[in-house]
There are 2 protein chains.
Amino acid sequence: MQIVAAVQTIRERLKSEPSVAFVPTMGNLHQGHLALVRQAREHGRCVVVSLFVNPLQFGPNEDFSSYPRTFDQDCAKLEGLADIVFAPAVEDLYPELQQIYVEPSPLADELCGAFRPGHFRGVATVVLKLFNIVQPQAAVFGKKDYQQLHVIRAMVRQLNLPVEIVAGETLRAEDNLALSSRNAYLSAKDRTDAVRLYRNLALIRESIVAGNRDFLALECAAIADLKAHGWRVDYVSVRAAKSLEPAKAGDMSLVVLAAAWLGKTRLIDNLEICLNADKDL
Amino acid sequence: MQIVAAVQTIRERLKSEPSVAFVPTMGNLHQGHLALVRQAREHGRCVVVSLFVNPLQFGPNEDFSSYPRTFDQDCAKLEGLADIVFAPAVEDLYPELQQIYVEPSPLADELCGAFRPGHFRGVATVVLKLFNIVQPQAAVFGKKDYQQLHVIRAMVRQLNLPVEIVAGETLRAEDNLALSSRNAYLSAKDRTDAVRLYRNLALIRESIVAGNRDFLALECAAIADLKAHGWRVDYVSVRAAKSLEPAKAGDMSLVVLAAAWLGKTRLIDNLEICLNADKDL
């Protein structure tokens, strides 16, 4: 496995690669990331993983400076899974004040975007930059960041990017908490209660599969439960899986998404609800 | 020469091309365009010219619907110069409502951008889409659209696009009017007076080369002359050639740009002013 820091170097290195599969990450890798890297292997001869904490996608009061940076451990975990680790310096990826952005669709201002203004603009912009440097034929993104996956897919479609976007399933701890770098922020007590987010999403899914279409009532009940247990809720929302528009009664492919704070830690999670498939069970 | 309309077809066709040089145009080709196409030949084995009147870069009150479309003549002119003409349908390049844009730098809101809100956003977005489809190693843009060239260069730099941007000199009629598709809109009488725009720019250049640094006075004099002859002036502005920021007294590489209306026709032009080189003469 090769570790490359400079933009120019990775360009040279990849010039002769006929097929690159790419997994962009912010590092602090857990099994969820590693599953995406394994998945990438099926989509390209050369697997490139980027480790880059992107300042552009953090708000002024967010955790950019405190975001865990664990470069050596990340490289050790990737050994044998990735061919190239690309870990550019901030000054190499942003040598001048970034003034040109990918402006994502208005939907990027909803859900997480409503609480993190400019977040998806920062995500879309850095992903486009990385795509242009790595020039992969496929890139893998986790469903854990469901709205991010949606924004990237829309960008690829609407800007005609020559990249196939592959979605990776969310990995979960034994108690079903979605794996996330930010779980490390949780106190032992909060870690125990953290699964409440998943549990509420699972309840909503169960209820919808059973025929309930009162999405608003389901959302409110979940919000009330979380609040009653000390969470601060950004949103719980049932959406159409493809468009991420608010769900309508006739939609068959849904997703319920949530973001909520446990102490100073913001957790997100989501569950897809495929009504056709569930009916067949 | 091959003519391709479908996005998917040109992707397939170019897959095996090791080196593509690209000239994006809106068609209605004149000698200025053809010079860019000849220049492209020096930068790639396969020369692709796109003919596409891009709705995204026209304002609601601009000449999108009346913009001259001369497909057959354009193809005849390109015969022997280009290898592939790419002429996509609007519905093929924009199969859904375009909601994802390249947002260019704040400078795109000055000069032409101040009078054509959203114009450079539309230009940058379609050029990025075309780049992603054609995947050229080099693309040629005329200096006639100087601010456009600046926006594209900034986009390539800040989004790490793997494309070399080549600038083509402005071609002029015998009386020095810059060649432009919009010249065809001019009445015979207006055509005679049209060179006044160039003449004012040339006067400004002459004066600056002679040592004058009162840019504002020079701009105002040009505006007054044009107005006195019935023109409606959008701007006359002396700028630093590289940054397009307003010129400062010590700048050695300048450009004077102008946009003005003769009747219903908006003309633009510019002249570079290289003080070092002029001194050496």
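Reader: How do you know where the domains of chain A begin and end?

Author: The domain assignment of chain A gives domain 1 as residues 2-168 and domain 2 as residues 181-280, and such bounds come from an automatic or database domain assignment. This is a predicted model, in which local features need pLDDT of at least 70 and side-chain atom pairs count only at pLDDT 80 or more, while totals for chains, interfaces and linings use all residues. Residues are numbered from 1 along each chain as its sequence is written, chains are lettered from A and ligands numbered from 1 in the order in which they are written, and side-chain values use heavy atoms, with hydrogens and water left out.

Reader: How many residues make the contact between domain 1 of chain A and domain 2 of chain A, and how much area is buried there?

Author: The C-alpha centres of domain 1 of chain A and domain 2 of chain A lie 26 Å apart, and the contact (heavy atoms within 4.5 Å) takes 21 residues from domain 1 and 19 residues from domain 2. The buried area, which is the accessible area (1.4 Å probe) that two parts lose on being put together, summed over both, is about 1800 Å² between these domains, with carbon and sulfur atoms giving 52% of it. On the side of domain 1 of chain A, Leu111(A), Phe115(A) and Tyr146(A) supply 36% of the area buried against domain 2, more than any other three residues.

Reader: Why is the pair Arg182(A) and Asp63(A) called a salt bridge?

Author: A salt bridge is a side-chain nitrogen of Lys or Arg within 4 Å of a carboxyl oxygen of Asp or Glu. The closest N and O atoms of Arg182(A) and Asp63(A) are 3.0 Å apart, so the pair meets that definition. Between domain 1 of chain A and domain 2 of chain A the count is three salt bridges.

Reader: What makes Arg157(A) and Glu96(B) a salt bridge?

Author: The closest N and O atoms of Arg157(A) and Glu96(B) are 2.8 Å apart, and therefore this pair also satisfies the cut-off. The count between chain B and chain A is two salt bridges. These chains bury about 2400 Å² between them, 49% of it on carbon and sulfur atoms, and in chain B, Ile100(B), Gln158(B) and Asn160(B) lose the most area to chain A, together 30% of what that side buries.

Reader: Which residues of helix H2 of chain B are called buried?

Author: Buried means under 20% relative accessible area (1.4 Å probe, protein chains only), and in helix H2 (residues 31-40) of chain B the residues that are buried include Gly32(B), Leu36(B) and Ala40(B).

Terms used: Buried < 20%, exposed > 50% of the residue type's maximum accessible area, 1.4 Å probe, protein only. Helix = DSSP H or I, 4+ residues; strand = E, 2+ residues; numbered from the N terminus.
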